[in-house]
Amino acid sequence: MEPSTRRYLIRFSVAMAAYCVLLPVALSAGRAVAPPWNMACALLVLPSVVLMVRAVGQFFQEVDELARKVMVESLALGFVIGTPILLIVGLFQVFGLADMSFMWAFAILMAGWLIGSFLARRRYT
């Protein structure tokens, strides 16, 4: 494993662990406090999201040209996979056919990126 990939996995894993810890804290704290403060509780997860974006950005800067190409292609495929799913869920909500929390949007887009990463890597290996 390349050193840049190892650093990325460590950075991204720390960010995801922070997200997994901070999300339940933010949700429970947001339900326990009055309306002005529950919006502030929603911002508790923001540092972990910033760490995720930073990890991806640093990885993009550290890797070679082929890895950048694979990464951009995986993000594009993830967008192409995740966006129609979110559109369909949104339309279902408009017509009262589904009641899905917007929190699932992040998970759907990340799953699309994971599938896109698999497809992009498979293409170049």
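How exposed or buried is Glu62? Partly exposed is the label, with a relative accessible area of 32%. Keep in mind that this is a predicted model. Some notes on Glu62 and a few other spots follow.

1. Start with the packing of helix 1 on helix 3. Helix 1 covers residues 3–32 and helix 3 covers residues 46–62, and their axes come within 8 Å, crossing at roughly 170°. Since angles over 145 degrees count as roughly antiparallel, the two helices are therefore roughly antiparallel to each other. On the helix 1 side the contacts include Arg7, Tyr8, Arg11, Phe12 and Leu22, and on the helix 3 side they include Leu51, Met52, Val56, Phe59 and Glu62.

2. Glu62 also takes part in salt bridges to helix 1. One is with Arg7, where the closest N and O atoms are 3.4 Å apart; this pair joins helix 1 to helix 3 across 55 residues of sequence. Another is with Arg11, at 3.2 Å between the closest N and O atoms, and here the partners sit 51 residues apart in the chain.

3. What about the cover on the two arginines? Arg7 has a relative accessible area of 37% and is partly exposed. Arg11 is partly exposed too, at 25%.

4. There is one more pair to look at, between Arg123 and Glu73, with the closest N and O atoms 3.0 Å apart. Arg123 belongs to helix 5 (residues 104–124) and Glu73 to helix 4, so this bridge ties together parts 50 residues apart in sequence. The two ends have contrasting surroundings: Arg123 is exposed at 58% relative accessible area, while Glu73 is buried at 19%. As for the shared partners, Arg7, Arg11 and Glu62 are joined by their salt bridges into one network. A search of the whole structure gives 3 salt bridges.

5. Next to Glu73 in the sequence, Ser74 is also in helix 4. Ser74 counts as buried, with 3% relative accessibility. Leaving out residues up to four places away in sequence, Ser74 touches Trp113, Gly116, Ser117 and Ala120.

6. Last, have a look at the nonpolar surface patch of about 760 Å², made by Leu87, Ile88, Leu91, Phe92, Val94, Phe95 and Leu97. Val94, one of these residues, is in helix 4, which spans residues 65–94. Val94 has a relative accessible area of 64%; that is over 50%, so Val94 is exposed.

Technical notes:
Residues are numbered from 1 along each chain as its sequence is written. This is a predicted model: local features need pLDDT of at least 70, side-chain atom pairs count only at pLDDT 80 or more; totals for chains, interfaces and linings use all residues. Side-chain values use heavy atoms; hydrogens and water are left out. Patches are made of residues with over 30% relative accessible area and no salt bridge: like charges are joined within 9 Å, nonpolar side chains (Val, Leu, Ile, Met, Phe, Trp, Tyr) within 5 Å. Accessible areas come from the Shrake-Rupley method with a 1.4 Å probe; for residues, only the protein chains shown count as cover. A salt bridge is a side-chain nitrogen of Lys or Arg within 4 Å of a carboxyl oxygen of Asp or Glu. Helices (H or I, at least four residues) and strands (E, at least two) are DSSP runs, numbered from the N terminus. Buried means under 20% relative accessible area, exposed over 50%, partly exposed in between (1.4 Å probe, protein chains only). Axes are lines fitted to C-alpha atoms, for helices over the stretch in contact, and angles run from 0 to 180 degrees between N-to-C directions. Angles under 35 degrees count as roughly parallel, over 145 as roughly antiparallel, 65 to 115 as roughly perpendicular and the rest as oblique. Contact means heavy atoms within 4.5 Å.
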